[in-house]
Amino acid sequence: MGSKDRRKAKQNTETSLAREVFEWILVIVISAALAFALDKFIIVNAKIPSASMEPTIMTGDRLIGSRLAYKDEDPQRGDVVIFLFPDNEEEYFIKRVIGLPGETVNIRSGKVYINDSPYPLDESAYIVTEPLGDFGPYVVPEGAYFMMGDNRNNSLDSRFWNQKYVYKDKILGKAWVRYFPHPSGIK
């Protein structure tokens, strides 16, 4: 092999290496852009810092919420949502929707009553310990929601916030799937 052939082989190797590096950089940049877009427009990722939603969601769990869940519909009573904490919008909170816009929420002996109904909400699907206390009445403004944790006796929720209600535009998404450390859907 002559020196001309060696130079050409070396040049081909350098070109091939440069092309491979460029392709890897392109893959990394595209992946980062897709991850950013996915996180900003499709999903919201959250870590559960406290026991306020136990046993539905455990302390330390990580979950994904759908940012698209409320594009064409409104949150419903019982939905678990991720939102900006009204008293400090730097923080994400995860709670259950209890009071809907225009409703009056009363809590008597730990049971939730809506609009002076003689019957409390049936929350047996997600409340496992007997909640305590009397709170309210809370009149939920139009466009806003009253939130409570499932672990009512250990939850910093609408009952205790300075800004009692979460407006729809502050709801980031509907909790969808828990992915670590206990993978499952959210009930």
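**A walk through the structure**

Strand β7 covers residues 135-139, and P137 sits within it. This is a good place to begin a tour of what is a predicted model. The peptide bond between G136 and P137 is cis, with omega at about 5°. A cis peptide bond also joins E54 and P55, again with omega of about 5°. P55, however, belongs to a loop, the one that connects β1 (43-47) with β2 (62-66).

Staying with P137 for a moment, we can look at a residue that touches it. N106 is in contact with P137, and also with F135 and G136, once neighbours within four places in sequence are left aside. The other contacts of N106 on that footing are K111, V112, Y113 and D116. N106 is part of strand β5, and it counts as buried because its relative accessible area is 13%, below the 20% cut-off for that word.

D116, one of those contacts, makes a nice contrast. D116 lies in the loop between β6 and β7 and is exposed, with a relative accessible area of 60%. The backbone of D116 also deserves a look: phi is positive, about 60°, although the residue is not a glycine. S109 offers a similar case, with a positive phi near 50° in a residue other than glycine. You will find S109 in the loop that runs between β5 (104-108) and β6 (111-114), where it counts as exposed at 55% relative accessibility.

Next, turn to strand β4, residues 92-99. Seven of its eight residues are buried, so the rest of the structure largely encloses this strand. Strand β3 (residues 80-84) pairs with β4 in the antiparallel sense, over five bridges. One pairing to pick out is F83, whose bridge partner in β4 is F93. β4 is also joined to strand β8 (residues 144-148), again antiparallel, through three bridges. Here R96 stands opposite M148 of β8.

Charged side chains give us another way to trace the fold. Side chains of opposite charge can pair when their charged atoms come close. Across the whole structure, nine salt bridges are found. In one of them, R178 meets D61 with N and O 3.1 Å apart. R178 is in strand β10 (residues 171-180) and D61 is in the loop between β1 and β2, so this pair ties together parts that are 117 residues apart in sequence. Both R178 and D61 are buried.

Strand β10 takes part in another such link. K174 forms a salt bridge with D79, and their closest N and O atoms are 3.7 Å apart. K174 is in β10 while D79 is in the loop between β2 and β3, 95 residues away along the chain. K174 is partly exposed, at 31% relative accessibility, whereas D79 is buried at 11%.

A further salt bridge joins E123 and R152, with the closest N and O atoms 2.7 Å apart. E123 comes from the loop between β6 and β7 and R152 from the loop between β8 and β9 (166-167), a separation of 29 residues. E123 is buried at 8% relative accessibility, and R152 is buried too, with a relative accessible area of 4%.

Our last stop is on the surface. L17, V21, I25 and V29 form a nonpolar patch there, with about 360 Å² of accessible area together. L17 is in helix α1, which spans residues 3-42, and it counts as exposed at 53% relative accessibility.

Conventions
Residues are numbered from 1 along each chain as its sequence is written. This is a predicted model: local features need pLDDT of at least 70, side-chain atom pairs count only at pLDDT 80 or more; totals for chains, interfaces and linings use all residues. Side-chain values use heavy atoms; hydrogens and water are left out. Patches are made of residues with over 30% relative accessible area and no salt bridge: like charges are joined within 9 Å, nonpolar side chains (Val, Leu, Ile, Met, Phe, Trp, Tyr) within 5 Å. Accessible areas come from the Shrake-Rupley method with a 1.4 Å probe; for residues, only the protein chains shown count as cover. A salt bridge is a side-chain nitrogen of Lys or Arg within 4 Å of a carboxyl oxygen of Asp or Glu. Helices (H or I, at least four residues) and strands (E, at least two) are DSSP runs, numbered from the N terminus. Buried means under 20% relative accessible area, exposed over 50%, partly exposed in between (1.4 Å probe, protein chains only). Two strands pair if DSSP finds at least two bridges between them. Contact means heavy atoms within 4.5 Å.
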